[in-house]
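The report below is meant for a reader who has not met this protein before. It begins with charge and overall form, and then turns to the interior and to a few single residues.

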Amino acid sequence: MSQKEIENLFSKLDSTVKLLQKNIGVSYLEGLAETGENILDDKKARQVDNLLSNETMEMLNKIYHEISLENMDPEEIRKSFQLALLKGAKEDSLQANHQMTPDAIGFILTYLIEKVLGTEANAIRLLDPAVGTGNLLSTVYNGLTSKKIEVEAEGIDNDDLLLSLALINTELQGQTIKLTHQDALTGLLVDPVDIVVSDLPVGFYPVDERAKDFKTSAKEGHSFAHHLFIEQSIHYLKKGGYGVFLVPSQLFETEAAAALTKMIQEEAYLQGMLHLPKELFQTKSSRKSILLLQKKGNNAKQVKQVLLAQIPDFKNQQAMFRFMQEVETWNKKNN
């Protein structure tokens, strides 16, 4: 992978976004969506409300024609777009639930998915019901396809700007991912999937009438969105399929956890809970963990020993190697 190629594409994305910001008065991420659509549209700048001068259009087109995606690896393109997304998130003060899942976490999630799928898997269906800008789903997609696994993927989000960015992110890489603009806690036109992977939005779900249809809904007031998302995800899993979720580390320590625990016991097996490195989070309350569930049915069974682990600092290579050995041992004993 060429860092020079990554930085070069990011520089071109950034330059064109700045030109659009200056001329049409959009936010960074809105400008990134616009420039991405231009690149996908035969590398031609589109006029926006007659605000772009001929000179600006020519400058944009010149930069677009210097972009050569054909010579780049999908991961190089993803990392370039990720740099632009990170800059946009900072400039636009993106709320916490819309922030991008860091690469290191995406790689750990991909690794766990590879382990539970086993060496026999050659084609899977994948869903992210809170896809956001698509970086996590895109990371997992690239990771699995690099192992010669054929991936059919879908992503859902109710934020149209984030979904536009996800579409550009995946199409620039040549990925075939179906994206749908929808509240993922409503009825989905999604066929059952092998894996649900998601960095779940944390907080309260405002539509109480809809939440009442869920076992994990609160008896009074708003329900936790992340609880509802876990239940919804299990519903759309194939029997024996896996849910791999990024969740608050205190998921089972709140008053509302009883209904979630009961639902999981009825519908799935809790196969693992892995705590992410403390160094990644500013406060104890913001810490996240990886929740591994398996839907009941199709010969699925509760593992003899639930995978409970503290993931070490990603920079500590020796500790990470020991952690991966621990996962390997657990996987062999329980599958």
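The protein chain carries 36 positive and 46 negative side chains, and the centres of these two sets lie 8 Å apart. Here Lys and Arg count as positive and Asp and Glu as negative, while His and the chain ends are not counted; the place of a charge is taken as NZ of Lys, CZ of Arg, CG of Asp or CD of Glu.

This is a predicted model, in which local features need pLDDT of at least 70 and side-chain atom pairs count only at pLDDT 80 or more, whereas totals for chains, interfaces and linings use all residues. Residues are numbered from 1 along each chain as its sequence is written, and side-chain values use heavy atoms, with hydrogens and water left out.

**Overall form**

The protein chain has eleven helices and ten strands, which are DSSP runs (helices H or I, at least four residues; strands E, at least two) numbered from the N terminus. Its radius of gyration is 21 Å, which agrees with the value near 20 Å for a compact globule of 335 residues; the radius is taken over C-alpha atoms, and the globule rule is 2.2 Å times the number of residues to the power 0.38. Of the 335 residues, 52% count as buried, where buried means under 20% relative accessible area, exposed over 50%, and partly exposed in between (1.4 Å probe, protein chains only).

**The interior**

In soluble globular proteins, nonpolar side chains tend to be buried together. A nonpolar core is a set of buried Ala, Val, Leu, Ile, Met, Phe, Trp, Tyr and Cys residues joined through side-chain atoms within 4.5 Å. The largest such core has 40 residues, and Ile124, Leu126, Leu144, Ile195, Val197 and Ile290 touch the most other members. Helix α5 (residues 103–117) gives the most to this core, with eight residues. A second, separate core of 31 residues includes Tyr28, Val48, Phe81 and Met100.

**Single residues**

Tyr269 is found in strand β8 (residues 268–275) and is buried, with a relative accessible area of 19%. Tyr269 and Gln302 are 33 residues apart in sequence, yet 5.6 Å apart in space, C-alpha to C-alpha.

Two loop residues that are not glycine have a positive phi, as the table sets out.

| Residue | Phi | Loop | Relative accessible area |
|---|---|---|---|
| Lys148 | about 65° | between α6 (135–145) and β2 (150–157) | 73%, exposed |
| Asn299 | near 70° | between β9 (288–295) and β10 (307–310) | 76%, exposed |
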